[in-house]
Amino acid sequence: MLPFTIEKNSQFGRFAVATHNIEAGSFLFDEIPFAIGPNIRTYCCCLECYCPVDGTASGTRCENCSWPLCNECSKLSEFSAHKRECEIFREAKCKFFNLPDANATCMQLDCITPLRVLLEREINMERWKNEVEPMEDHREKRINSNAWKEDQQNIVGYLLGPCKLGQRGITAELIHKVIGVLEVNAFEAKTLKGTFVRCLYPRLAILSHSCTPNTTHAIHPSDNYSLKVRATVAIEKGSQLFSCYTYTQKGTLDRQQHLMEGKYFQCHCERCLDPTELGTHFSSMKCSSCLFGDVLSSNPLDSDANWICNKCSQENSAESIKEMLKALQGEIDNANSIEFLENSLEEYEHLLNPNHYIMTSMKNSLIDAYGHINGYMLHEMPDILLKRKIELCDELLAILDVFERGMTRARAMILYELHTPIVLYAKSQFEIGNSTKLKYLKQLENAREILNESREILEWEDENVCMIIWGARKSQENLEKLIASLKCE
Ligand SMILES: C[S@@+](CC[C@H](N)C(=O)[O-])C[C@H]1O[C@@H](n2cnc3c(N)ncnc32)[C@H](O)[C@@H]1O
């Protein structure tokens, strides 16, 4: 039985409410996708496995219908993902038009995922009626947009014209409904080849959005893209279940823009309404007038609202703030070394709050770099750099504890990055006589706890995609051995 009931109101449309108290980490439900297919405005990809393929005349094609397949998939005796559309294209003699150059966006593939939804509807009418038809498509907001006109020409016109879907009772209105449902509800998934597709999970899509969600989901491409949803924190009976449709590690202005452009609504969650983003100061700038105040938006839901210093009340126009952020972001987009990132962090301290999302993304890049690039591999790092990596992880975790609370993938990744420098630093300090055996053991046990927490969360992922699970398992084995041998000495 599902752990939620579906309710409806004018703010959220349909939404999910917990039927009982739910513990952090509890499994909530699983689901198989109604349809999977290429993203919109994508590169040319294989219609069976989604790896990139050459869209020009020299690329491999399906010998039945001429649409793109990779070398490997073109030799299959039977298709899975590509099977039904292949029949449609072959019967209607709809050929794929080769792209002029290999890097061109392949607009022809925009019709594939809607077509797969329409074909699944024909053989699974009950699921369509119960689960997909009630989904939000924001027709009234999309109908006057340029995207609607492009879709009309590129997808609706193509499916009803050359593909002759009208003969199957499919109408323009139905195709636009499917395009809207996909746009508003589909989730992105990583394939076994490391590329991205969009999947329609009608049950997951009932959950409303929050910028501090209380659930997480893991998609398993090696198990036909099955999905598992879990609670990341304890959820009380009667509370709403939330997923996140955007990136929690973006600032409010960017999140709002992403949600409005992609999902057609303004988020009014506690975090979005609070200019300090729940006390983190994730979007706060430093005041150039008094030099010590934080400059905050006077209305985070209005991207044109002035920004005001919380100490000296100096006002800044939204435009000047946006320009400055764009310039700083542009500088760090070109960051190519640890030295550059460390220097930029120091330089920007006068302009941005240390927790600002630009600062945080630089810290994230440093965590990724320390221990993983030449000259900075963990075994080469002196104690001072091991300590630096520990400090960066701690700072990031403090932010994630607000935005990605509890058992979340983002926390698991940082916890994983944190455990090794703790072990190496403790070992080094013990070996040079700066620490006792008891203290060393305690530090190792702390690292073990951190790693266990990380591994427990990572085990929810598909181990064929999330390779870090293997590293976490191996590390745990090694750490257990080290602790046991130390206890025996
Ligand atoms: C994936 S659907 C969620 C299910 C949808 N409410 C329904 O009835 O089918 C996304 C849409 O739900 C609404 N929605 C989801 N989260 C919301 C939120 N936090 N605030 C306002 N509307 C929200 C928006 O209309 C959004 O485009």
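A residue is buried if 20 or more other C-beta atoms lie within 10 Å of its own, exposed if 12 or fewer, and partly exposed in between, with C-beta atoms placed from the backbone. The structure is a predicted model, in which local features need pLDDT of at least 70 and side-chain atom pairs count only at pLDDT 80 or more, while totals for chains, interfaces and linings use all residues. Residues are numbered from 1 along each chain as its sequence is written.

**Exercise 1. Two unusual backbone angles**

Task: Find where L278 lies, and decide whether L278 is buried, exposed or partly exposed.

Solution:
- Step 1. Locate L278: the loop between α9 (270–273) and β11 (285–286) holds this residue. Helices (H or I, at least four residues) and strands (E, at least two) are DSSP runs, numbered from the N terminus.
- Step 2. Check the backbone. L278 is not a glycine, yet its phi is positive, about 60°.
- Step 3. Count neighbours. L278 has 16 other C-beta atoms within 10 Å, so L278 is partly exposed.
- Step 4. Repeat for S66. S66 sits in the loop between β4 (35–38) and α1 (71–74). Its phi is positive too, about 80°, and S66 is not a glycine. S66 has 17 other C-beta atoms within 10 Å, so S66 is partly exposed.

**Exercise 2. Domains**

Task: List the domains, then describe the contact between domain 1 and domain 3.

Solution:
- Step 1. Read the bounds, which come from an automatic or database domain assignment. Domain 1 is 4–32 + 202–244, domain 2 is 35–200, domain 3 is 250–339 and domain 4 is 370–489.
- Step 2. Take the centres over C-alpha atoms. Those of domain 1 and domain 3 are 29 Å apart.
- Step 3. Count the contact residues. Domain 1 gives four and domain 3 gives six. Two residues are in contact if their C-beta atoms, placed from the backbone, lie within 7 Å.
- Step 4. Sort the domain 1 side that touches domain 3. This side has one nonpolar, three polar and no charged residues. Ala, Val, Leu, Ile, Met, Phe, Trp, Tyr, Cys and Pro count as nonpolar, Asp, Glu, Lys and Arg as charged, and the others, Gly among them, as polar.
- Step 5. Compare with the record. In an unreviewed UniProt entry, the annotation "domain: SET" covers residues 1–246. UniProt positions follow the numbering used here, feature names are shortened, and annotations may be inferred rather than shown by experiment. Over residues 1–246 the chain is 27% helix and 19% strand.

**Exercise 3. The ligand shell**

Task: How many residues surround the ligand, and which are the closest?

Solution:
- Step 1. Apply the cut-off: a residue is near a molecule if its C-beta atom, placed from the backbone, lies within 6 Å of it. The shell has 18 residues, and the closest are G13, R14, E136, S208 and H209.
- Step 2. Find the suppliers. β2 (13–18), α7 (172–185) and β7 (208–209) each give at least two residues. The largest share, three residues, comes from β2.
- Step 3. Sort by class. The shell has nine nonpolar, six polar and three charged residues.

**Exercise 4. The nonpolar core**

Task: Which members of the largest nonpolar core touch the most other members?

Solution:
- Step 1. Define the core: a set of buried Ala, Val, Leu, Ile, Met, Phe, Trp, Tyr and Cys residues joined through C-beta atoms within 7 Å.
- Step 2. Read the members. The largest core has 111 residues, and C46, L159, C199, L200 and I414 touch the most other members. Helix α14 (residues 409–431) gives the largest share of this core, 10 residues.
- Step 3. Look around C199. Residues up to four places away in sequence are not counted. The partners of C199 include P33, I36, A186 and F187.

**Exercise 5. Buried or exposed?**

Task: Classify L207, M135, L424 and N71.

Solution:
- Step 1. L207 lies in the loop between β6 (196–200) and β7. L207 has 25 other C-beta atoms within 10 Å, so L207 is buried.
- Step 2. M135 is in the loop between α4 (125–132) and α5 (139–142). M135 has 20 other C-beta atoms within 10 Å, so M135 is buried.
- Step 3. L424 belongs to helix α14. L424 has 19 C-beta neighbours inside 10 Å, so L424 is partly exposed.
- Step 4. N71 belongs to helix α1. N71 has 11 C-beta neighbours inside 10 Å, so N71 is exposed. N71 and C46 are 25 residues apart in sequence and 9.0 Å apart in space, C-alpha to C-alpha.
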